[in-house]
Structures are given as structure tokens and as C-alpha cells.
Amino acid sequence: MREQNYTSAEMKHCLLQTFKFVKSFLAQHGLQYVACGGTVLGAVRHKGFIPWDDDIDIYMPRADYNRLLSLNSELTPYGYEILSYNNKGYYIPFAKISHMESTIWEIERLPFIMGVYIDIFPLDEFEEPDDVITARQYRSHYFFDKYINALSYYPVSHFVKSVLRFDIHQVGLYILNCYRKRHPERYLQAFIEYEKTYVGKKGSKTVCVTQWEGRIFQTEWFKDVVELPFEDTTVTVPRNYDAYLRKLYGNYMELPPEEKRVPHPHFFVELHHRLTIEEIIKS
């Protein structure tokens, strides 16, 4: 991991500005969203960011999510872009709205450049037993994980170090990657075809298929929403945020152990300029 050249406060400021733009853009186009995960928890417990957290996550109903993906040309004049698996080399099964004048290279082995971003997860509805829905989540991850591995870059030096450490798992990943590198499009297409089997359904249960296996929510939780303070703005959350947060975290008002209070790791961050991979490597 490279030495970071930014502070948590600077990252959160950039994130908040991006979020304010996203809220305005979605409202302008009549698109619905609701915060999810740690963003809801932060709003309820801290009235803003979880102190050690550094991202903002939102859900969108699948129909609104798909419509958003078609609006990239309307975002770019404002200095933002939509990233999804339609972008070559993008390795995440959900979308982001990314700031085009900043740089984030998240994972060293996955060389893809984005900016400060808001994570956007599609919500799908089901009327199926919980175990069937959970199996869908695992199946979806199975296809996309194969795609991620096909995109991953493992330097020969890492392979040699793994051999010297007798790290059989990493050695196996390197060898498997050498084969999979030839077929990333095949794995992505398998994921897309599987996604078609569950999109468009209606039901009393709602999940993000590519997130939190086994966490199945009530559809009604996302139909009735409320605004809560979030830093110097507000965020839309499920009105019954207590049920939602208990489903995710149990006793959500209890702070986790100190060793778990850590931000998301990033390989490289530059908050004020967009750099290429080549420029980062040379720096």
C-alpha cells in the first residue's frame, strides 16, 4: 500500500460534495434512492459519517438504476461519470457515480482508475423462499468473482514471493489467473445472463443480489422513507430504519471493537487531479 497523501477529513469533504451533486441529479431526473448499510447507520448513530468510515452507499430500485445508467452523457458536463460493468476493466457488480477530477486506484492487482465515488446498488424484488433468494446471491457472486479473477493482475514477483512463503493459495490463484485472463468477457456475459433471470420481478422481499448474502429485507421498508441529518445535508433512509439496521448489524448502537474501526483501504488516492495508471506508476 502506498503512503497516503490525504486526510480522512479531506476525503469526507470530497465525498459529501459528490453526494450532494448526486442527490440533486437524481431529484432532477425523478429517480428514487435510499441510503443503505453504513450510510444509514452513520445517519442514525452519528448524524453523518461513521467516524472511521469513508464511503457513501445508496440503493436504487432496479428500474431507476437502469435509467440512471443511460444518463452518463448528462453527467459528464458537470465533471462526473457513471461507472458500471459496461466500462472495460471495471471489476464491481454495481455502479458508481465518480468525480472525474480525482483519482482512486483501489486495489493494486485490479488496475482501474476511478474518482471519489458514491456506490449505487440496484434493488430487486422477489416472492421466493429465503434460501432460494440467498442461493441467487451466491450464484451471482460465483459468476462475477470469476470475472474479477480474470481481470486481476498478478506480477511474477508476487508469484515468486508466494512460492517462497509456501502460500499454496496464492500460487494457485496465479496459475488459475494465467488461464482465466484469456476469457474475462465470457465470465462477464455469464453474470449478465444470470442477472436477466431475476430482474423485473415483484414481491414482498427485496435484496441487492450482489451484496450481503442472506440479508433479505421487506419491500415495504423501501417504499416509505424519511430524511435524516447527515453532516451539513440530509439523507433519505427507510422510515423503519430500526428494523433495517437490526437486520444488518443487530445491536447497531453499540460501537464495534477498536480494531475493527478502520477505513476502506485504497492503493492510491489523489483528491484534486485525475491521473492515469502510467502516471501513478512513474510517481
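What volume does the second largest pocket have? In this predicted model, the second largest pocket has a volume of about 360 Å³. Its lining is made up of 18 residues, and those closest to its centre are Pro61, Arg62, Leu123, Glu125 and Lys223. If you would like to trace the walls by element, β2, α3 (62-69) and β6 each give two or more residues to this lining, and β6 gives the most, with three. By residue type, the lining of the second largest pocket divides into eight nonpolar, four polar and six charged residues.

Now turn to the largest pocket, which holds about 1,100 Å³ of space. Here 44 residues form the lining, with Asp55, Asp57, Asp119, Trp212 and His264 the closest to the centre. Two or more lining residues come from each of α1 (8-28), α2, β6 (117-126), α5 (130-151) and α9. The biggest share belongs to α5, which gives four residues. Sorted by type, the lining of the largest pocket has 24 nonpolar, eight polar and twelve charged residues.

Helix α9 deserves a visit of its own. It covers residues 241-249, and its buried residues are Ala243, Tyr244, Leu245 and Leu248. You can follow these buried residues outward to their packing partners, which are α2 (38-46), β2 (57-61), β8 (217-218) and β10 (233-238). Just past the end of α9 comes glycine 250, with a positive phi of about 75°.

Next, look for threonine 206, which sits in strand β7 (residues 205-207). Threonine 206 has a relative accessible area of 3%, so it counts as buried. Its side chain makes a polar contact of 2.8 Å with the side chain of threonine 219. Leaving aside residues up to four places away in sequence, threonine 206 touches Leu123, Asp124, Glu125, Ile216, Phe217, Thr219 and Phe222. Two of these names may sound familiar: Leu123 and Glu125 are also among the residues closest to the centre of the second largest pocket.

Finally, what about the cysteines? The count of disulfides in the model is zero. Take cysteine 36: its closest cysteine sulfur, in cysteine 208, is 7.6 Å away, and that is too far for a bond because a disulfide needs the two sulfurs within 2.5 Å. Seen from the other side, cysteine 208 is in no disulfide either, with the sulfur of cysteine 36 as its nearest cysteine sulfur. Both residues are shielded: cysteine 36 is buried at 0% relative accessibility, and cysteine 208 is buried with a relative accessible area of 2%.

Technical notes: Residues numbered from 1 in each chain as written. Predicted model: local features only at pLDDT ≥ 70, side-chain atom pairs only at ≥ 80, totals over all residues. Heavy atoms only, no water. Buried < 20%, exposed > 50% of the residue type's maximum accessible area, 1.4 Å probe, protein only. Contact = heavy atoms within 4.5 Å. Polar contact = N/O pair within 3.5 Å; in protein donor to acceptor, adjacent residues only side chain to side chain. 1 Å grid on protein atoms, 1.4 Å probe; cavity = no way out; pocket = protein on both sides within 12 Å on 5 of 7 lines; lining within 4 Å. Points joined across faces, edges and corners; volume = space filled by probe spheres on them. Nonpolar A, V, L, I, M, F, W, Y, C, P; charged D, E, K, R; others polar.
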